[in-house]
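Reader: Could you walk me through this one and tell me what stands behind each term you use?
Author: Gladly; let us put it on the screen.
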Protein chains: 2
Amino acid sequence: MEEINNIEVVPCTESDYLKPFRVHYNQNGTKKSWDFMRTHDSVSVLIFNTSSHCFVLVKQFRPAVYMCEWERNKTQPPQSAEKTEEGTAEAAVPESQEDQSASEKEGSSAWPAATAGITYELCAGLVDKPNCSLEEIARQEVLEECGYDVPASKLKRITSYRSGVGVTGAKQTMFYAEVSDDNCVSAGGGEPLEGELIEVVKVPLHEAMTFAYDERIPKTMGVIFSFIWFHNNMSPKYKISTNV
Amino acid sequence: MEEINNIEVVPCTESDYLKPFRVHYNQNGTKKSWDFMRTHDSVSVLIFNTSSHCFVLVKQFRPAVYMCEWERNKTQPPQSAEKTEEGTAEAAVPESQEDQSASEKEGSSAWPAATAGITYELCAGLVDKPNCSLEEIARQEVLEECGYDVPASKLKRITSYRSGVGVTGAKQTMFYAEVSDDNCVSAGGGEPLEGELIEVVKVPLHEAMTFAYDERIPKTMGVIFSFIWFHNNMSPKYKISTNV
């Protein structure tokens with residue numbers, strides 16, 4: 001259980017991570033403009049452990065997800081189930097939110113439980129090393145985040161797509177990596193120096209499709225898509241029902 | 001073919017659409033902070049036309065995707081295939097990009113073809129009407145963007161997931177809508193007053209899986225995932241091979 005407290009939200013006037021730009025252009029003769037953010041492309045990796053017949057995912061506290069849940073709690077009446085899980089988030093009144101309405105201020109002390117910000121995701125990383133292939137970047141993420149050391153040549157490309165089309169237009173390439181317990185060289189967990197606090201979790205193959213479609217388990221679309229991709233393309237190899 | 005020209009990029013100091021915030025917090029006793037953006041949740045809809053046995057998608061010019069391709073072209077040697085498609089983008093030198101490096105400035109006049117910014121997506125929209133159910137918002141988007149008038153009760157919920165976990169933490173709920181030619185009441189195309197220039201396109205069911213995995217066709221993960229979902233869950237009903 002993550003312990004999240006002393007939460008404070010402030011407007012962000014300058015950021016090393018969020019750099020908004022505006023593009024003006026003519027589309028079919030009509031003058032238009034669009035605000036967007038520059039970002040890096042990314043890779044994600046579906047990891048399957050052939051020793052334990054489990055998928056290997058990462059689980060972490062995502063501040064942006066947590067803040068999104070906080071917003072939802074302010075504007076909607078409290079709901080049971082998901083929202084009442086035990087958590088350790090402590091109340092703290094945000095400062096300097098000059099653009100917040102009175103009603104938003106009233107609700108700002110009701111921080112949801114820390115679990116509201118936790119998501120299950122594929123192992124993933126940004127393409128921010130110019131001389132590395134996508135496979136090499138994916139290999140490094142599998143090692144750093146999940147602790148498995150596999151050669152880049154063993155990464156199978158699944159497909160690519162736009163991970164965002166409104167604010168960012170970045171491309172994500174998804175890979176599939178088969179690992180075994182023999183490849184496990186560390187506990188993973190990300191780079192603490194980069195502030196990563198990542199928990200490595202295993203989802204047994206026979207529970208995967210139930211996991212994928214259980215909306216009570218917060219996750220990215222990549223988890224759902226890749227589990228179904230495996231079911232359609234790899235399951236026969238393992239002669240195991242994935243319980244669809 | 002979209003005609004995109006007179007392109008100019010400027011830093012965006014204030015935006016109605018991009019509002020960066022910073023959250024400070026303690027995670028397991030460690031002081032951390034994270035920059036994020038507030039955004040609305042969204043809905044997306046896989047539309048299947050039972051008269052023509054086609055999926056109905058939207059196709060539009062996405063400035064953020066276009067700018068991402070421009071970045072890629074600057075840092076990588078030109079590639080053939082995708083990059084040399086005929087296009088109408090005209091060169092224009094961006095102004096006020098004070099934070100650009102010299103090498104970036106050199107490449108800035110090489111705008112890619114307009115096709116570089118065009119993506120195929122599911123019909124989708126933001127959840128920005130507080131008194132509307134997700135189904136009702138989805139229904140409105142199907143009508144506005146694609147021209148089909150179907151009751152909200154005919155929308156089947158597929159699942160939900162986080163559409164972003166780094167910058168935004170928004171939730172997207174995906175629906176499935178069966179429509180027929182009888183439901184078609186307009187050409188769709190979005191709200192011109194909101195600046196939407198959307199082309200409605202049909203993908204025949206028997207071509208869907210080839211379309212989904214063809215990386216030369218720029219698309220969102222939602223298109224790929226939903227086509228596979230249909231293949232696994234709905235295809236038997238239509239007794240048609242989807243050519244996997």
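Reader: Let me start with one strand: which residues of strand β7 of chain A make up its covered face, and which its uncovered one?
Author: In β7 (residues 123-126) of chain A, the covered face holds A:Cys123 and A:Gly125, while A:Ala124 and A:Leu126 make up the uncovered face. Strands here are DSSP runs of E with at least two residues, helices are runs of H or I with at least four, and both are numbered from the N terminus. Before we go on, the model is predicted: local features need pLDDT of at least 70, side-chain atom pairs count only at pLDDT 80 or more, and totals for chains, interfaces and linings use all residues. Residues are numbered from 1 along each chain as its sequence is written, chains are lettered from A and ligands numbered from 1 in the order in which they are written, and side-chain values use heavy atoms, with hydrogens and water left out.

Reader: What makes β4(A) and β7(A) a pair?
Author: Two strands pair if DSSP finds at least two bridges between them. β4(A) and β7(A) have 4 bridges and run in the antiparallel sense, so they meet that rule. Within this pair, A:Val43 stands opposite A:Gly125 of β7(A).

Reader: A:Phe48 and A:Phe230 form an aromatic pair; why is it called tilted?
Author: Rings of Phe, Tyr and Trp (its six-membered ring) pair if their centres lie within 6.5 Å; planes under 30 degrees apart are stacked, over 60 edge-to-face, and the rest tilted. For A:Phe48 and A:Phe230 the centres are 4.7 Å apart and the planes meet at 50°, so the pair falls in the tilted class. A:Phe48 belongs to strand β4 (residues 42-49) and A:Phe230 to helix α5 (residues 221-233), both of chain A, so this pair ties together parts 182 residues apart in sequence.

Reader: How do you know whether those two rings are buried or exposed?
Author: Buried means under 20% relative accessible area, exposed over 50%, and partly exposed in between, with a 1.4 Å probe and protein chains only. A:Phe48 comes out at 0%, and A:Phe230 also has 0%, so both count as buried. A second tilted pair is A:Phe61 with A:Tyr66, with centres 5.3 Å apart and planes at 55°. Both A:Phe61 and A:Tyr66 are buried.

Reader: How many aromatic pairs does the rule give, and which residues cluster with A:Phe48?
Author: Over all chains the count is 26. One aromatic cluster includes A:Phe48, A:Phe55, A:Tyr120, A:Tyr176 and A:Trp229.

Reader: What makes you say that a charge sits over the ring of B:Phe21?
Author: The rule asks for NZ of Lys or CZ of Arg within 6 Å of the ring centre and within 35 degrees of the ring normal. The charged end of B:Arg38 is 4.2 Å from the centre of the B:Phe21 ring and sits over it. B:Lys219 does likewise over B:Phe211, at 5.7 Å.

Reader: Which strands stand at the edges of the sheet β1(A)-β2(B)-β3(B), and why?
Author: This open sheet of 3 strands has antiparallel pairing. β1 (4-11) of chain A and β3 (30-37) of chain B each have a single partner strand, so one side of each lacks a neighbour in the sheet. The strand β2 (residues 20-27) of chain B is joined to β3(B) by 8 bridges, and B:Gln27 has B:Thr30 as its bridge partner. Another open sheet has the order β3(A)-β2(A)-β1(B).

Reader: Why is the relation between chains A and B called a two-fold axis?
Author: A turn of 180° with a shift of 0.0 Å along the axis lays chain A on chain B with an RMSD of 0.0 Å. That is the relation of a two-fold axis. The superposition is by least squares on C-alpha atoms of residues with pLDDT of at least 70 in both copies. In chain A the C-alpha nearest the axis is that of A:Phe225, at 2.7 Å.

Reader: Last one: why does A:Ser186 count as partly exposed?
Author: Its relative accessibility is 35%, so A:Ser186 lies between the two limits. A:Ser186 is in the loop between β9 (171-179) and β10 (199-204) of chain A. Beyond its neighbours within four places in sequence, A:Ser186 is in contact (heavy atoms within 4.5 Å) with A:Leu143, A:Cys146 and A:Gly147.
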